[in-house]
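Let's take a walk through this structure together, stopping at a few places along the way. Keep the 3D view open and follow each stop as we reach it.

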Amino acid sequence: MTITAPTQDRPRRRLRIGTALTYASLIVASLVVLIPLLVVFLTSLKSYGEIADGQGALSLPDDWLNFSNYATAFTDGHMLTAFGNTAFILLFSITGTVIIGSMTAYAIDRFDFRFKGLVMALFLLATLVPSVTTQVATFQVVNSFGLFDTRWAPILLYMGTDIVSIYIFLQFIRGIPKSLDEAARLDGANSFTIYRKIIFPLLKPAIATVVIIKGITTYNDFYIPFLYMPSEELGTMSTALFRFKGPFGAHWENISAGAVLVIVPTLVIFLFLQRYIYNGFAQGATK
């Protein structure tokens, strides 16, 4: 007589324990992300008196329709001007990143030239060097071109420092058959025509991925706009939020309202375009 029930239950127990740990880790990670956002949102709806009374961070506001803080943050924080500056920087930096990144990836994959391996190694090395260690030299270069305190300074830096976008385009281009290039050359097309009419149209998933990732990164960046555009009229969404500390001091209700105004556009864009992000990375990983 043999007993097999205990041995059969062990895999089930391990499976249940593994599933429970998975859900527990997901819940903890969600709370870590959502609780700060909830605190900011609740604070944005509170009055100065509620903040001064020292209520808990998760305490509910007395008036859920108190949107005066948002009006103050939008008008006194010059959010409309900041949004215009941010949109201008996004338009040119993303366009430049897509063009430069796709052309660079096309040249690396389709052409054989001397020191090609060295170029790839330098690209990899550039991703490993902390950017803060080169800021002094970078600032001197930007200042020598007369771009300091202009919107073109961050645009130039965003276009020239995105090695990740080049690798994303490179993974997609490697999945495009070279027979298409050869057929186009038989029809008399040159390298630029092949890139413009064949390669670039087939990079739509990669372009969508780069546009979304680069756009969110540029939109949320604080360091470069704050360092290279100190003028108040050149403030972006991130630096305009930082300047609330001056005129408002410790009025955290206004600062929180400004934070919500900064968060909402990126949150909406991500929710509508998240499938393009995931699909783009998934396709790039399998090519």
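Our tour starts at D149, which you will find in the loop between α6 (135-144) and α7 (152-160). Bear in mind throughout that you are looking at a predicted model. The backbone at D149 deserves a look: its phi is near 65°, a positive value in a residue other than glycine. For context, most residues other than glycine have a negative phi. Is D149 buried, exposed or something in between? With a relative accessible area of 26%, D149 is partly exposed, because the partly exposed class runs from 20% to 50%.

From that loop, move on into α7. Several of its residues are buried, namely A153, P154, I155, L157 and Y158. What covers them? The cover over the buried residues of α7 includes α4, α6, α11 and α12.

One of those covering elements, α11, makes a good next stop. Helix α11 spans residues 204-220, 17 residues in all. From its first C-alpha to its last it reaches 24 Å, close to the 24 Å expected at 1.5 Å a residue. Within α11, the buried residues are A206, I207, T209, V210, I212, K214, G215, T218 and Y219. Note that a lysine, K214, is among the buried residues here.

Now let us turn to the aromatic residues. Searching the whole structure gives 11 aromatic pairs. In one of them, the rings of F88 and F92 have centres 4.8 Å apart and planes at 50°, so this pair is tilted. Why are these two residues separated by about one helical turn? Both belong to helix α4 (residues 79-110), and they are four residues apart there, so about one turn lies between them. As a rule, an α-helix has 3.6 residues a turn, so residues three or four places apart point the same way. Both phenylalanines are partly exposed: F88 has a relative accessible area of 22%, and F92 has 34%.

A second tilted pair is formed by Y106 and Y195, at 5.7 Å centre to centre with 40° between the planes. This pair links distant parts of the chain, since Y106 is in helix α4 and Y195 is in helix α10 (residues 191-199), 89 residues apart. Y106 counts as buried at 5% relative accessibility, and Y195 counts as buried at 6%. Which residues form one aromatic cluster with these two tyrosines? They are F111, F192 and F200, joined in that cluster by Y106 and Y195.

Before leaving the aromatics, go back to F88 for a moment. R151 lies over the face of its ring, at 4.1 Å from the ring centre.

Next, find T236 in the loop between α12 (223-228) and α13 (237-242). Despite its place in a loop, T236 is buried, with a relative accessible area of 5%. Its side chain makes a polar contact of 3.2 Å with the side chain of S238. Leaving aside residues up to four places away in sequence, T236 touches A82, T86, I89, P225 and M229.

For a contrasting loop, look at A57, between α2 (48-52) and α3 (68-76). A57 is partly exposed, with a relative accessible area of 45%. Its contacts beyond four places in sequence are V39, L42 and K46. A57 and V40 are 17 residues apart in sequence, and their C-alpha atoms are 8.6 Å apart in space.

Finally, step back and take in the whole protein. The protein has 15 helices and zero strands. Of its 287 residues, 33% count as buried. Among contacts with a separation of 6 or more, 72% come from residues 24 or more positions apart, and the Y106 and Y195 pair, 89 residues apart, gives you an example of two distant parts of the chain being linked. The protein exposes about 17300 Å², of which carbon and sulfur atoms supply 69%.

Methods: Residues numbered from 1 in each chain as written. Predicted model: local features only at pLDDT ≥ 70, side-chain atom pairs only at ≥ 80, totals over all residues. Heavy atoms only, no water. Buried < 20%, exposed > 50% of the residue type's maximum accessible area, 1.4 Å probe, protein only. Polar contact = N/O pair within 3.5 Å; in protein donor to acceptor, adjacent residues only side chain to side chain. Contact = heavy atoms within 4.5 Å. Phe/Tyr/Trp six-rings, centres within 6.5 Å; stacked < 30°, edge-to-face > 60°. Lys NZ or Arg CZ within 6 Å of the ring centre and 35° of its normal. Areas by Shrake-Rupley, 256 points an atom, 1.4 Å probe, with all protein chains shown as cover. Expected span 1.5 Å × (residues − 1).
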